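Trainee: Got a few minutes? I'd like to go through some of the labels on this one and hear what backs them up.

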Amino acid sequence: MSRYAEVYRRSIAEPERFWAEAAQAIDWTRPFDRVLDDSRAPFTTWFAGGELNCCYNALDRHVERGRADQIALIYDSPVTRTIKTYSYRALRDETARVAGALVASGVAKGDRVLIYMPMVPETAIAMLACARIGAIHSVVFGGFAAPELATRIDDAKPKLILSASCGIEVNRVIEYKPLLDKAIDLAKHKPERCIVLQRPECQATLVPGRDADWREWAAAARPTGCVPVKATDPLYVLYTSGTTGVPKGVVHDNGGYLVALAWSMKNVYGVDPGEVYWAASDMGWAVGHSYILYGPLVHGCTTILFEGKSVGTPDAGVYWRAIAQHGVKVLFTAPTAFRAIKREDPNGLLVKKYDLSRFRTLFLAGERSDPDTLQWAEAQLGVPVIDHWWQTESGWPMAANCMGLGPLPVKHGSPTKAVPGYQVVALDDGGREVPRGQTGSICVRLPLPPGCLPTLWNNDEGYRRSYLIDFPGYYKTGDAGFVDSDDYVWIMGRTDDIINVAGHRLSTGAMEEVLSSHPDVAECAVIGAADAIKGQVPVGFLVLKVGVNRPHDAITGEVVQMVRDRIGPVASFRTATVVQRLPKTRSGKILRGTMQKIANAEQYRLPATIDDPAILGEIKAALRAIGYAGAPT
Ligand code: COA
Ligand code: AMP
C-alpha cells in the first residue's frame, strides 16, 4: 500500500511542518528561524536564518560518523579504461586541498568559479571545493562552443576558471583549452586565473601568468575547512536554454536545495545510505549537480561518475557491466540512452551477459519517455522503470512515482503524480485550470517547494518575466500537457521554442540567430523534427536573399558549421534546406508548429490565419528532399 496520498496531502496542508521535519536530515551550523518566508512573494525563501555547509553535509559528516572508508565515488571511464574509487575520507581530503588552493588563489565566499571540465573526478572535487568555501560554482557542459562559454563567463563573472586539457568523446579527444582560450578572448570579463588539469591524452599549452597546472596548484595548497553559509546563499548557477539566444542563469541555494535532495533520495528514488546510486548523465546538466554529486553524497550513498556513453564505449552492454560490477541499486538516465541501446541490442542479448540481481529500479527523465522504449526496458530488465519529470529550474523531481513511498500503478507515457511539495496544474491562456484530461500550460502553484530556483543570477526581473507573469500565482514550467482524472501528470511537449535533443535542452531561437547571421540568408526557421534515437533533432529552413545564386549545398554546409562553431556539437544541427519562402500568418508570424507537424507526419489543422496555404506544399517537398519521407503529401 503506497503512503504517497497521505504524504502528499501533508506536504500541501502543512508545508512548514513537512519541510522542517525533512530538514532534520541536514546538519545545520545555525538553526533556521523560519521555514518558509513568503513576505517578499513571489520571491520565496526557505530556511531563512539557517546556516550550513553543503560540502560538510556531503563529505565531512559521513567521515565523522562511520562512513570514512565507504566508497563515496566510483570513477568509471570506459573511454580511458580506468576505474578509480574514492572513499569518503579520500574525497574529503582531496576536496579540502583543492578548497585550500582556491583560497590561496584569492577565491572567497560569494565569488564565482566557472568549471569547464569533462567527466573526471576532479570536476566533482572542484564543485565540492567551491561549496566548502562558500564560492558559487557554475559548471558549463563540455559540448558547448566557445561563444556559448563566453556568454556564461560574461554573466557569471568568475574570478577563476577550472578546466582540463581535453574531454574524450567515444574514441575522439576534444581539446578543451583552445575553446577556453577563445572564449576568454571573446568575453568582456577576464578571469584572474585558469587552472588546467592536464590529462594524459593531451597536453594543453598554458598561458604564462594566467594559467596554472592543476596538480602543481593543488599540491602546493593547505587543506581548508568548511565555511558556514546562509541557507539562502547561492550554491551554484547553472545556465540553461531560454527562449532567446541568451541562456538563463538558474540559481540554486544551499539550504532548501540540500533538504529537497536528501528527501528525494529516500522518498523518490527509494535508496538508503550505503547503497550504490548511479545517474548516468553529465556534470554540466542539472542531473549531474543533483544526482551525481549532491543528492547521493548528502544521503551517504556511493555515487558513480561515468565517462562514457550508453553505446560505443565499447558496446551497448556497458550499463549492465557497470551495474553488475559496482552493485548499482538504482540507475537514472535519459530515454535517449535507452533508445540507442535498444537499436544496437534489440533482443537484450548483452543484458543477459551480466548479473543484475542487485539492481532494483531504473529512473528515466530529461525528455518524454515513449511507451515503447519504457516497455522494452521493463521487459529486458525485469525491474520497475520509472519515468519522472523535472527541469534545471526545479533541481529535483516535480512528478514521479515515488518509490520510497510505495509505488503507484504505472501509466506508460505519464511520469505519474506530482511529487509532495508540488501542486501541478494545467492552465488555459487566461490562467484558469482546464478540465481534467484537457491540454494546457503546465504550471506549479506558488510557493514552490524548497530546492527550486529562488531567482535567476543577478536577474530578478528575468525570473519574473520568464516564469511568473504569464500565470499570476503560478510558476510556468514551459511544458504543455494535462492532468488526468486520477491526478496523473502527462507532459506532451513545450509551449516555447525549446527542443530536446538526446536529453539536451536547446533553443531553436538561438539556432535561428546563428542562421540569420549568414550573409546569404534573408530569413530562417528552425524546428525540432522527430528522431528515433535523439527524440528530436533541429532542422533549419533558409530563405536566401534576392540575387544569391551560390550552390545551396555550400550555403547549408556553412550554416551547419556555424551552429557547430557558435553553439556547439551538442546542438546536433546537421540538416538545413533552402526554401523559396516560409509559411506565415497574415500578421507575419512563422508557422513553426505546422512545419514541425509536417516533418513529423502528424495531423495538423490548416491555421485559419495562414497567409498562403500553397506554401505548405513547398515545405513538404523540401522536407521530402532531405529525407523526411514521412511528410504527408
Ligand atoms: N564535450 C564535447 N563534445 C560533446 C560532448 C562533450 N561533453 N558531449 C557531446 N558532444 C558532441 C558529440 O561528440 C557529438 O559530436 P559529433 O556531432 O561530432 O558526433 C555531438 O556533441 C552530439 O552528441 P550526443 O548528443 O551525445 O550524440 P551522440 O550521437 O554522440 O550520442 C547518445 C547519442 C544517445 C548515446 C547520447 O546522446 C547519450 O547517451 N545521451 C544521454 C543524454 C543524457 O544523459 N542527458 C542528460 C539528461 S538526463
Ligand atoms: P532540463 O532543464 O534540461 O532538465 O530540461 C527540462 C525539460 O525536459 C522539461 O521542461 C521537459 O520539457 C523535458 N522533460 C524532462 N523530463 C521529462 C519527462 N519525464 N517527460 C517529458 N518531458 C520531460
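Mentor: Sure, let's start with the shell around ligand 1: its residues divide into ten nonpolar, eight polar and six charged. Keep in mind that this is a predicted model.

Trainee: How many residues surround ligand 1, and which are the closest?

Mentor: There are 24 of them, with Glu169, Arg172, Lys309, Arg564 and Arg574 closest. A residue gets into that shell if one of its heavy atoms lies within 4 Å of the ligand.

Trainee: What makes the pair between ligand 1 and the side chain of Glu169 a polar contact?

Mentor: An oxygen atom of ligand 1 is 2.7 Å from an N or O atom in the Glu169 side chain. The cut-off for such a pair is 3.5 Å, so this one counts. The side chain of Arg564 also has an N or O atom 2.7 Å from a ligand 1 oxygen. From the backbone, an N or O atom of Gly143 lies 3.4 Å from a nitrogen atom of ligand 1, again within 3.5 Å. As for cover, the protein takes up 84% of the 930 Å² of accessible area that ligand 1 has on its own.

Trainee: And which residues come nearest to ligand 2?

Mentor: Asp387, His388, Thr392, Asp479 and Arg505, out of 14 around it. Polar contacts turn up here too: a ligand 2 nitrogen is 2.8 Å from an N or O atom in the Asp387 side chain, and a polar backbone atom of His388 is 2.7 Å from a nitrogen of the ligand. Of the 490 Å² of accessible area that ligand 2 has on its own, the protein covers 91%. By class, its shell has three nonpolar, five polar and six charged residues.

Trainee: Why are E5 and E20 called edge strands?

Mentor: Look at the strand order first: E5-E4-E17-E16-E18-E19-E20, an open sheet with mixed pairing. E5 (82-87) and E20 (385-387) each have a single partner strand, so one side of each is left without a neighbour in the sheet.

Trainee: How do you know that E4 and E5 really pair?

Mentor: Pairing takes at least two bridges. Strand E4 (residues 71-77) is joined to E5 by six, running antiparallel, so the pair qualifies. Within it, Asp76 stands opposite Ile83 in E5.

Trainee: What about E25 and E26, how many bridges do they have?

Mentor: Five, in the antiparallel sense, with E25 covering residues 474-483. Asp479 has Arg494 in E26 as its bridge partner, and that's the Asp479 we met among the nearest residues to ligand 2. Those strands sit in an open four-strand sheet, E23-E24-E25-E26, with antiparallel pairing. Its edges are E23 (424-427) and E26 (489-494), again because each has a single partner strand.

Trainee: What makes you say that both faces of strand E7 are covered?

Mentor: Ile136 and Ser138 are on one side, His137 and Val139 on the other, and all are buried. Buried means under 20% relative accessible area, so neither face has a residue above that cut-off. E7 also runs parallel to E6 (residues 112-116), joined by four bridges, and Arg112 has Ile136 as its bridge partner.

Trainee: Last one: why is helix H11 described as mostly covered?

Mentor: Eight of the nine residues in H11 (318-326) are buried, including Trp320, Arg321 and His326. Right after the helix comes Gly327, with a positive phi near 70 degrees.

Key: Residues are numbered from 1 along each chain as its sequence is written. Chains are lettered from A and ligands numbered from 1 in the order in which they are written. This is a predicted model: local features need pLDDT of at least 70, side-chain atom pairs count only at pLDDT 80 or more; totals for chains, interfaces and linings use all residues. Side-chain values use heavy atoms; hydrogens and water are left out. A polar contact is a pair of N or O atoms within 3.5 Å; within protein, one must be able to donate a hydrogen and the other to accept it, and residues adjacent in sequence count only if both atoms are side-chain atoms. Accessible areas come from the Shrake-Rupley method with a 1.4 Å probe; for residues, only the protein chains shown count as cover. Ala, Val, Leu, Ile, Met, Phe, Trp, Tyr, Cys and Pro count as nonpolar, Asp, Glu, Lys and Arg as charged, and the others, Gly among them, as polar. Buried means under 20% relative accessible area, exposed over 50%, partly exposed in between (1.4 Å probe, protein chains only). Helices (H or I, at least four residues) and strands (E, at least two) are DSSP runs, numbered from the N terminus.
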